[in-house]
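Colleague: I have the model open and would like to go through it feature by feature. Please start with the ligand and give me the numbers as we go.

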Amino acid sequence: MCGIVGYLGPAKAAPVLLSELRCLEYRGYDSAGVAIIQDGELSVLKAAGKLNNLEKLITDNKPTATVGIGHTRWATHGVPNDQNAHPHLDASKTIAVVHNGIIENYEELKDELIKDGYAFESDTDTEVIAHLISKVYETEKDMLKAIFKTVGLLRGAYALGVVSQKHPDKIYAINQHYSLSVGLGNNESFLASDSMAVRQYTNKVVRLEQSEIAEITKEGVRLFAFDGKEVKRRPMSLDSNPYVIDKGGYKHFLLKEIHEQPLVLRQTLAKYLVHPTKPVSFIPHITPNSNGAATNNEEENQLSKSYGVHLTEMELKGIDRIQVVACGTAYHASLVGKLIIEQLCNLPVSVDIASEIRGRRLMVNESSLTIAVSQSGETADTLAALEEAKKLGSFTLGITNRPDSHLSQITPNLIVTECGIEVSVAATKTYLAQLTSFYLLGIYLAEARGAITTEHARKLKSDLNAIPTLLEQILAKENEIRLASLKYADAHDVVFIGRGFNYPTALEGALKLKELSYIHASGYAAGELKHGPIAVLDSKVPVVTVLVPGVVYEKTLSNAQEARARNAQMIAVAVEGDEQAARTFDTVLSIPAVDEFFSPLLTVVPMQLMSYFIADYLGKDVDQPRNLAKSVTVE
Ligand code: M6R
């Protein structure tokens, strides 16, 4: 959450900072700002609201400075207004700080600074950092020493960018449990919370590890540990193809990403499933070079080497329990993952919301496998839960869409989903790719442990390969789904129900509708409806039921009937030609016939489209819903 950028070089800094910030807007869009050193003086431009407001300020002021830092904010301390927007300055207005994360002891530090006569202009925890650096600098007259001493006083997880007008040829970056990358160009350097933001300028990057400080100049970067010792690290090469970020003719990124799902599935399957007769293989992925050929350059392959699952057959056979940790949509994918692995491997799987692991005893040991699922690979709670599992001796595995993320640094085993960047803040294609990874992982584990026959494995793989075509059939009916969905656009509360493999789909359907349209929605296990939630039903409440032929079909239908008896507005996601569904529900969003086991890959799609069309009809900002951020790096 929050994005930090920086630039030093021959070019005008403000436009570079803006273009870096554009790539980081997914991390928060409550306000944005830059601090630049113009004609030897520090100057700040910042504005509440989206980046366009800052862009206007920059256009009006036309700064020519060639050094600066910038920030896009997701508010934690203090409302999102101009005053609380970053950068924040010290009292002498010569030091500027941008900050991602939380300073846990900022109130006690602030009280002491106030006692010493410092005045505060914002409600943020960030401002204390600017004052502290400035205070130490007065005696030390050395920025690095001032920063070392300041970080010794701070508690919490944070990343910082700092500039001082007394040192206009340097930017300082500090990383404590977050992500920061320094991009190295030709006589110019860049700083960003996410290497994706510097990839438009250079693919040579040095990542800051935990408790590190970077002193960045045009010529390069020096790294120091918090104890002052210099650290040597060679730059790594990012994939030489920068991500293309455009809407491809769609009205919103979200709609584009929903439509990309068949391709995403094909790509993820192609990477790990060579042929139905061959075992699933999570071999290390080799990044092609710019000519499209695999490269043997060690540096270039630094990132790609960490891909893949490197557990031996003996280790895979020895696992007696799986723990999955994730948040939000990734948590919903993990709930499906539990059912897949339990069914195929006869192995107990627990799934926990990662933030709920804190302060609790995590029940893993040397014979457990802990899986962290995170599209961004940066979710603080998910990373912390995985670290905790590591401490307890568990094997670890990450499922992510970002092989260059923090998650990839903390586990030797990584399944990378092939989604391309997901720009829309609400997750759609990454959810489907996470589900696909779990199907592949389930088959992989079952094959390695001898839990399924070759024939069963072959059938599962063939069925999985057929899913992208079925997805295309749903997407072809987009207009039908739009018309059906808009009948419910004036609802204030919507209930989603499902059982078994589609209970998580109900949770995900409700989350999508809430996030995109701001309509209150809740997902329930269909059998739970009668245990309380049924009290909210009346003729104004739409109930969306996921109804797929299989072991829970009849019971789900009975639960839907209970809702119908309370005059609820009845919507189903059901398979084509289901006559019982046609009789029971006012609206049926149909999907092609599919085995219940694989149905979560299809049933969620009409719900994604329904949420999108309602939100767009209501005029909501579907790609950047209010109050959200794509990368949730606070705890
Ligand atoms: O990057 P992650 O997958 O770890 O993110 C987890 C959640 O923050 C994320 O899924 C969130 O719920 C999205 N807004 C869902 O659309």
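Colleague: How many Å separate a backbone N or O atom of T329 from an oxygen atom of the ligand?

Modeller: Happy to help: this is a predicted model in which local features need pLDDT of at least 70 and side-chain atom pairs count only at pLDDT 80 or more, while totals for chains, interfaces and linings use all residues. Residues are numbered from 1 along each chain as its sequence is written, and side-chain values use heavy atoms, with hydrogens and water left out. A polar contact is a pair of N or O atoms within 3.5 Å; within protein, one must be able to donate a hydrogen and the other to accept it, and residues adjacent in sequence count only if both atoms are side-chain atoms. For the backbone atom of T329 and the ligand oxygen, the distance is 3.0 Å.

Colleague: How much of the accessible area that the ligand has on its own does the protein cover?

Modeller: Accessible areas come from the Shrake-Rupley method with a 1.4 Å probe, and for residues only the protein chains shown count as cover. On its own the ligand has 410 Å² of accessible area, and the share covered by the protein is 90%.

Colleague: Which residues around the ligand come nearest?

Modeller: A residue is near a molecule or strand if one of its heavy atoms lies within 4 Å of it. Two of the residues concerned also have polar contacts: a side-chain N or O atom of S374 is 2.6 Å from a ligand oxygen, and a polar backbone atom of Q375 is 2.7 Å from a ligand oxygen. Of the 15 residues around the ligand, the nearest are S374, Q375, S376, T379 and E515.

Colleague: On to α4: how far apart are its end C-alpha atoms?

Modeller: Helices (H or I, at least four residues) and strands (E, at least two) are DSSP runs, numbered from the N terminus. The expected span of a helix is 1.5 Å times one less than its number of residues. Helix α4 covers residues 127-140, so its 14 residues should span 20 Å, and this agrees with the distance between its end C-alpha atoms, 20 Å.

Colleague: What do the buried residues of α4 pack against?

Modeller: Buried means under 20% relative accessible area, exposed over 50% and partly exposed in between (1.4 Å probe, protein chains only). Ten of the 14 residues of α4 are buried, so the helix is largely enclosed by the rest of the structure; among them are V128, I129, L132 and Y137. Contact means heavy atoms within 4.5 Å, and the packing partners are β5 (88-89), β6 (95-103), α3 (106-115), α5 (143-153) and β7 (156-164).

Colleague: Why do the buried residues of α15 count as being on the same side of the helix?

Modeller: An α-helix has 3.6 residues a turn, so residues three or four places apart point the same way. In helix α15 (residues 478-486), the buried residues are I481, A484 and S485. The arc is that of the directions from the helix axis to the C-beta atoms. They lie on the same side of α15 because they cover an arc of only 100°.

Colleague: Which peptide bond is cis, with omega about 0°?

Modeller: Look in the loop between β4 (67-73) and β5, where P87 is found. The cis bond joins H86 and P87.

Colleague: How accessible is H177, whose phi is near 65°?

Modeller: H177 sits in the loop between β8 (171-176) and β9 (181-184). Its phi is positive although it is a residue other than glycine. It counts as partly exposed, because its relative accessibility is 46%.

Colleague: From which residue does a backbone oxygen lie 2.7 Å from a polar side-chain atom of T584?

Modeller: T584 is in helix α18 (residues 579-584) and is buried, with a relative accessible area of 5%. Not counting residues up to four places away in sequence, T584 touches L557, Q561, R564 and M570. The backbone oxygen in question belongs to Q580.

Colleague: Last one: how far apart in space are D352 and L335, C-alpha to C-alpha?

Modeller: D352 is in strand β17 (residues 349-353) and is buried, with a relative accessible area of 14%. Leaving aside neighbours within four places in sequence, its contacts include V324, Y331 and R360. D352 and L335 are 17 residues apart in sequence, and their C-alpha distance is 8.9 Å.
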